[in-house]
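Reader: I would like a close look at one residue in this model, and then at the parts of the chain around it in the description. Please take it step by step.

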Amino acid sequence: MDYAANIAMTLPELVLALGAIALMLVSAWGGDKSTRAVSIAAVFVLVGAGIALVGPASSGGYAFDGLYRADAFGAFAKVLIYIASAVAIVMAPSFFARTHGDDLRPEYPVLILLSACGMGIMVSATDMLTLYVGLELQSLAAYVLASFMRRDGRSAEAGLKYFVLGALASGILLYGISLVYGFSGTTLFSGISEAYAGTKSLGLLFGLVFVFAGLAFKISAVPFHMWTPDVYEGAPTPVTAFFASAPKVAALALSVRVAVDAMGPATDQWRQIVIFAALASIILGAVAAIGQTNIKRLLAYSSINNVGFALIGLAAGTPEGVSGVLMYLTIYVAMTLGSFLVVLQMRGDDGQPVETIDSLAGMSRTRPGLAAALAIFMFSLAGIPPLFGFYAKFAVFSAAVDAGLFPLAVVGIAASVIGAYYYLRVVKTMYFDDPAPAFAPMESKVEGSLIAIAAVFVSPAGYLLIPVLGAWTMAAARALF
């Protein structure tokens with residue numbers, strides 16, 4: 001294959017990388033005054049990367065001798081990543097302007113672009129080394145983003161915890177990759193798949209366990225979830241919204257590709273790991289959230305809980321299961337971004353953020369529109385019909401039942417009832433408790449519009465999109481098989 005064809009297939013990552021470098025130079029020369037222009041330009045770079053997905057970048061096949069694959073699965077995941085990244089950039093200026101004066105610098109959107117570039121490489125990787133390079137590019141940008149508020153102790157602590165534990169997880173993943181390479185003789189997914197299809201090896205089994213342990217950290221699945229609540233609470237709210245959406249999509253999509261593409265013949269082995277992680281994440285995410293008083297920590301446990309449900313689709317190991325995972329991620333991104341956009345509006349008269357759940361008391365009377373939107377997101381996250389979040393759970397449970405994993409579906413459905421408790425507690429606080437001091441009025445029409453769009457998407461109106469989304473997710477899933 002000629003070099004031009006390889007470039008065409010990796011065009012979205014090239015657009016992001018070149019855009020990030022150009023904007024980094026602009027920010028170096030323009031200083032803090034260039035922040036607004038760089039942020040706007042970064043959103044356009046993400047739009048450009050999305051446009052670059054049309055053509056060979058979504059259907060071209062293998063590039064660079066099998067290191068990278070441009071297919072419908074990767075393209076679908078990248079669309080979600082770019083949307084979440086753009087929203088994280090749009091959320092930031094008003095948050096930092098109100099809260100921390102001049103703390104928003106032009107490096108913020110550049111770091112988001114570099115992270116998005118790494119995530120794009122992750123979801124299209126078909127070689128263990130490509131996987132690792134993409135993962136580290138995403139992670140290194142994320143460590144800086146977590147500690148972006150330099151004068152805030154919580155943010156610095158979040159960045160340090162994320163860095164230390166992330167380095168440990170990268171080491172575990174790299175050890176797993178070295179074992180797989182040592183016993184298969186290759187880092188290409190196609191060669192690894194052939195090795196797993198051949199004579200069973202204890203070394204390959206250990207490699208599988210370590211690889212999945214490293215990936216479990218990146219998706220914050222139990223028992224590698226410990227960093228999530230602290231990092232989500234300490235990081236700036238726009239960064240937390242970014243962490244809860246884009247990297248989650250990338251890491252889950254990467255896990256699906258590794259499981260199906262590289263380790264498909266060892267499905268019976270990795271399915272046990274995925275089922276344990278799924279059930280443990282659902283149950284711990286539900287139970288641990290019950291006692292939380294901080295809304296960002298509650299949403300952190302909610303993200304752990306939701307990862308568990310998405311993993312049920314992966315455990316099925318079928319095209320329908322992978323399609324269910326992609327459907328779940330699409331709806332999850334909308335619910336999560338909408339919830340964090342509402343959290344962004346939680347601030348006192350002095351402009352400082354208010355993060356306690358008790359501060360939501362009586363919001364149905366002081367800010368009825370905002371309360372209605374948050375109630376929609378909470379009911380949808382709980383999976384209560386007729387909201388669209390119910391269909392997300394239905395898709396993964398249906399795939400599990402069709403794959404013969406009926407007990408897994410039953411336990412998952414029963415555990416989802418526990419999770420409904422803390423979502424409903426937020427709604428009860430807003431609608432039935434005595435009003436707390438009202439939040440400051442919404443200043444950004446863009447944020448208000450994004451909340452409205454997300455609320456409409458996860459409302460019953462979202463069911464109108466099922467034919468389109470269902471066909472798209474199934475086409476993306478079949479690209480792996």
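Is S220 buried or exposed, and what is its relative accessibility?

Author: The model is a predicted one. S220 has a relative accessibility of 0%, so it counts as buried, the limit being under 20%. Its place is in the loop between α10 and α11. The backbone of S220 is also worth a look: phi is near 55°, a positive value in a residue other than glycine. Most residues other than glycine have a negative phi, and most peptide bonds are trans.

The same loop holds an exception of the other kind. P223 is found in the loop between α10 and α11, the latter being residues 228-234, and a cis peptide bond joins V222 to P223, with omega about 10°. The loop thus carries a positive phi at S220 and a cis bond at P223.

Each of these two features has a counterpart elsewhere in the chain. For the positive phi, the counterpart is F64, which is not a glycine and has a phi of about 50°. F64 sits in the loop between β1 (61-63) and β2 (68-70). With a relative accessibility of 29%, F64 counts as partly exposed, whereas S220 counts as buried. For the cis bond, the counterpart lies between P385 and P386, where omega is again about 10°. P386 belongs to the loop between α17 (368-382) and α18 (388-402).

Next come the helices. Helix α10, which borders the loop of S220, spans residues 202-218 and pairs with helix α8, residues 153-184; their axes come within 7 Å and cross at roughly 155°. An angle over 145 degrees counts as roughly antiparallel, so α8 is roughly antiparallel to α10. The residues in this contact divide into 18 nonpolar, seven polar and one charged. The crossing of α8 past α10 is left-handed.

A second pair of helices packs in another way. Helix α9 (residues 189-197) and helix α12 (residues 237-262) have axes 8 Å apart and an angle of about 55°. The two are therefore oblique to each other. On the α9 side the contact involves F189, I192, S193 and Y196, which meet R257, V258, D261 and A262 of α12. By type, the residues of this contact are five nonpolar, one polar and two charged.

Charged pairs take up the rest of the description. Side chains of opposite charge can pair when their charged atoms come close. Twelve salt bridges are found in a search of the whole structure, and three of them are taken up here.

One is between R69 and D71, whose closest N and O atoms are 3.6 Å apart. Both R69 and D71 are buried.

Another joins the side chains of E355 and R154, at 3.4 Å from N to O. This pair links distant parts of the chain, 201 residues apart: R154 is in helix α8, while E355 is in the loop between α15 (319-344) and α16 (363-366). The two partners fall into separate classes of exposure. E355 counts as buried at 11% relative accessibility, and R154 counts as partly exposed at 37%.

The last of the three is within one helix. R271 forms a salt bridge with D268, and their closest N and O atoms are 3.9 Å apart. Because R271 and D268 are three residues apart in helix α13, about one helical turn separates them. R271, at 19% relative accessibility, counts as buried, since the cut-off is under 20%. D268, at 53%, counts as exposed. Elsewhere, salt bridges that share partners join R154, E157, K161, D230, E233, K296, R297 and E355 into one network. R154 and E355, the pair described above, are thus among the members of that network.

Helix α13 itself covers residues 267-289, and A288 is found in it. A288 is partly exposed, with a relative accessible area of 24%. Between A288 and S302 there are 9.5 Å in space, C-alpha to C-alpha, for a separation of 14 residues in sequence.

To return to the residue asked about: S220 counts as buried at 0% relative accessibility, has a positive phi near 55°, and lies in the loop between α10 and α11.

Technical notes: Residues are numbered from 1 along each chain as its sequence is written. This is a predicted model: local features need pLDDT of at least 70, side-chain atom pairs count only at pLDDT 80 or more; totals for chains, interfaces and linings use all residues. Side-chain values use heavy atoms; hydrogens and water are left out. Helices (H or I, at least four residues) and strands (E, at least two) are DSSP runs, numbered from the N terminus. Buried means under 20% relative accessible area, exposed over 50%, partly exposed in between (1.4 Å probe, protein chains only). Axes are lines fitted to C-alpha atoms, for helices over the stretch in contact, and angles run from 0 to 180 degrees between N-to-C directions. Angles under 35 degrees count as roughly parallel, over 145 as roughly antiparallel, 65 to 115 as roughly perpendicular and the rest as oblique. Contact means heavy atoms within 4.5 Å. Ala, Val, Leu, Ile, Met, Phe, Trp, Tyr, Cys and Pro count as nonpolar, Asp, Glu, Lys and Arg as charged, and the others, Gly among them, as polar. A crossing is left-handed if the near helix is turned anticlockwise from the far one by less than a right angle, and right-handed if clockwise. A salt bridge is a side-chain nitrogen of Lys or Arg within 4 Å of a carboxyl oxygen of Asp or Glu.
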